[in-house]
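Please walk me through this structure step by step, as you would for someone who has not looked at it before.

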Amino acid sequence: MEDLKTILTQLNRRDFLTKAGLGFGSIALSSILQAGTTRGREDNAVDAAVAPFVRGPHFSPKAKRIIYLFQSGGPSQLETFDYKPALAKWHGQEIPDSIKSTQRNSGMVAGQSTFPLVKSIYDFKQYGQSGAWVSELLPYTAGIVDELCIVKSVFTEAINHEPAVMFVQTGSQQSGRPSMGSWLSYGLGSDNENLPHFMVLISKGVSGDQPLSTAAWANGFLASHHQGVQLRTGKDPVLYLQNPYGVHKEDRRRALDRIKELNEHQFTLWGDPEIQSKISQYEMAYKMQTSVPDAVDIADEPDYIYKMYGEDARRPGTFAANCLLARRMAERDVKFIQLYHMGWDQHGNLPKNIASQARDVDQASAALVQDLKQRGLLEDTLVVWGGEFGRTSFSQGKLTADNYGRDHHPGCFTMWMTGGGIKTGQVYGETDEFSYNVVKDGVHVHDFQATLLHLFGLDHEKLVFKHQGRRYRLTDVHGKVIKGLIA
């Protein structure tokens, strides 16, 4: 005891802080090293009270794969599926404040002093046993309505494009979360060893200048091998995939084997699962050198297929060509096939531009459904068509006899789904006479996501990942499975 007192009296303030600092530093280093062994683990223990997530379906799935035909920019429900004859009598009159005040409006109409309601310039008719109303802009889609579930009552929270796209694709308006394709890859793995779990194709309409962030198909905080792989048009669908000139396949194989040995040694030292992701990515890239060219080579497709999808299917990079590629990927059991078609952002000149957009997608979308069905793939392939939000029933800008625009509208929009366990031949949900608010069977974006995961046999409340001390899931802390959409 006397020795301890002597030591303490001899320690000055600087000595104490120096020695204490070294102690705290060693504690911090230990903490970092331990974190490195668990950071990003895919079987991470969520907390002491929750069992680690176990891969594989939680119950019997109805879908094995999904083709998501994302219409980027926000298609107008009023010109496509949500027929509102009452707008004819209101055409040109000011939208009642009691209606307009129920929804947010974007800053693009902040300086607008008048908000006249506008009927669609296009005619609608009823089709199929369901009696679904479909615009004259979509004659091919009208021909398959009994194969579809048309959902008129989807609604969202975001008012601008990127937050709205992020919300539908990742469950958050902010970038940085895993996309749906990444969550499915994390939860279920892959049914194909030679192609990525998650593949992305992009096409542009005539006015397709609305930017699209790669964060929409990113892996977020999940391991990097869960991110979407974008296919490009041209001779190199995936950049840097092929060997450089003079490098033979056998040389590449030997190099990859040596790199794998080094990576595995690093993994035994540090335990960082991202090293395993890198090993997986190297191996996948090697396999893709053969599998990708085979998947994208449509030269052997018969003429009747091109007639079904339309002549645009012969032009790489078009929506029709991407639909055909999507079918080929579905045949190869790619889990999540994401198509983006840009150009639906019609703030002005809507009658002309939306007609062009509809021509881009109508025939090919319907053909994809028919093609999957004739090959026996539709039963377990979920197909989704829709954008990030809808459009306003009042005109943005000046309303004339043959021209008008529509602003962003989160209060209601229309999507359709088919295959993969969806109850088809029905129209689900209703909006008010202005197509401004949902009045029956609303489907929030998180409800849509929960239902999608359910079709794949995943409980959206159990598909979790712990990151920075918090449990994350695609549906955040919201969402319910919409039973009325499921067969």
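In this predicted model, D476 and R470 form a salt bridge in which the closest N and O atoms are 2.5 Å apart, and R470 counts as partly exposed because its relative accessible area is 32%. A search of the whole structure finds 20 salt bridges, and another of these pairs is formed by D371 with R375, where the closest N and O atoms lie 2.6 Å apart. The two partners sit in unlike surroundings: D371 is buried, with a relative accessible area of 0%, whereas R375 is partly exposed, at 31%.

D371 and R375 also belong to a network of salt bridges that links them with D300, E301, R327, R328 and E331. Within this group, the side chains of E301 and R327 meet at 2.6 Å, N to O. That pair links distant parts of the chain, since E301 lies in the loop between helix 9 (273–296) and helix 10 (303–309), while R327, 26 residues apart from it, lies in helix 11. Both E301 and R327 are buried.

Following R327 leads to helix 11 itself, which covers residues 319–331. With 13 residues at 1.5 Å a residue, helix 11 should span 18 Å, and because its end C-alpha atoms are 19 Å apart, the expected and modelled spans agree. Helix 11 is mostly covered, twelve of its 13 residues being buried, among them F319, N322, R327, R328 and M329. Just after the helix, D333 takes a positive phi of about 65°.

Helix 6 (residues 161–170) can be read in a similar way: eight of its ten residues are buried, so this helix is largely enclosed by the rest of the structure. The buried residues of helix 6 include H161, M166, F167 and Q169, and the helix is followed by G171, whose phi is positive, near 85°.

A further positive phi, of about 70°, is found at G128, in the turn of a hairpin formed by strand 2 and strand 3 with four residues between them. Strand 2 (residues 124–127) and strand 3 (residues 132–135) run antiparallel and are joined by four bridges, with Q126 standing opposite W133.

Finally, there is the enclosed space to consider. The model has two cavities of 30 Å³ or more, and the largest cavity holds about 50 Å³ of space. Its lining includes P75, Q77, W385, F389 and F413, and the elements that give two or more residues to that lining are strand 8 (381–386) and strand 11 (413–418). By class, the lining of the largest cavity has four nonpolar and six polar residues, with no charged residues.

How values were computed: Residues numbered from 1 in each chain as written. Predicted model: local features only at pLDDT ≥ 70, side-chain atom pairs only at ≥ 80, totals over all residues. Heavy atoms only, no water. Pairing = 2+ DSSP bridges. Buried < 20%, exposed > 50% of the residue type's maximum accessible area, 1.4 Å probe, protein only. 1 Å grid on protein atoms, 1.4 Å probe; cavity = no way out; pocket = protein on both sides within 12 Å on 5 of 7 lines; lining within 4 Å. Points joined across faces, edges and corners; volume = space filled by probe spheres on them. Nonpolar A, V, L, I, M, F, W, Y, C, P; charged D, E, K, R; others polar. Expected span 1.5 Å × (residues − 1). Salt bridge = Lys/Arg side-chain N within 4 Å of Asp/Glu carboxyl O.
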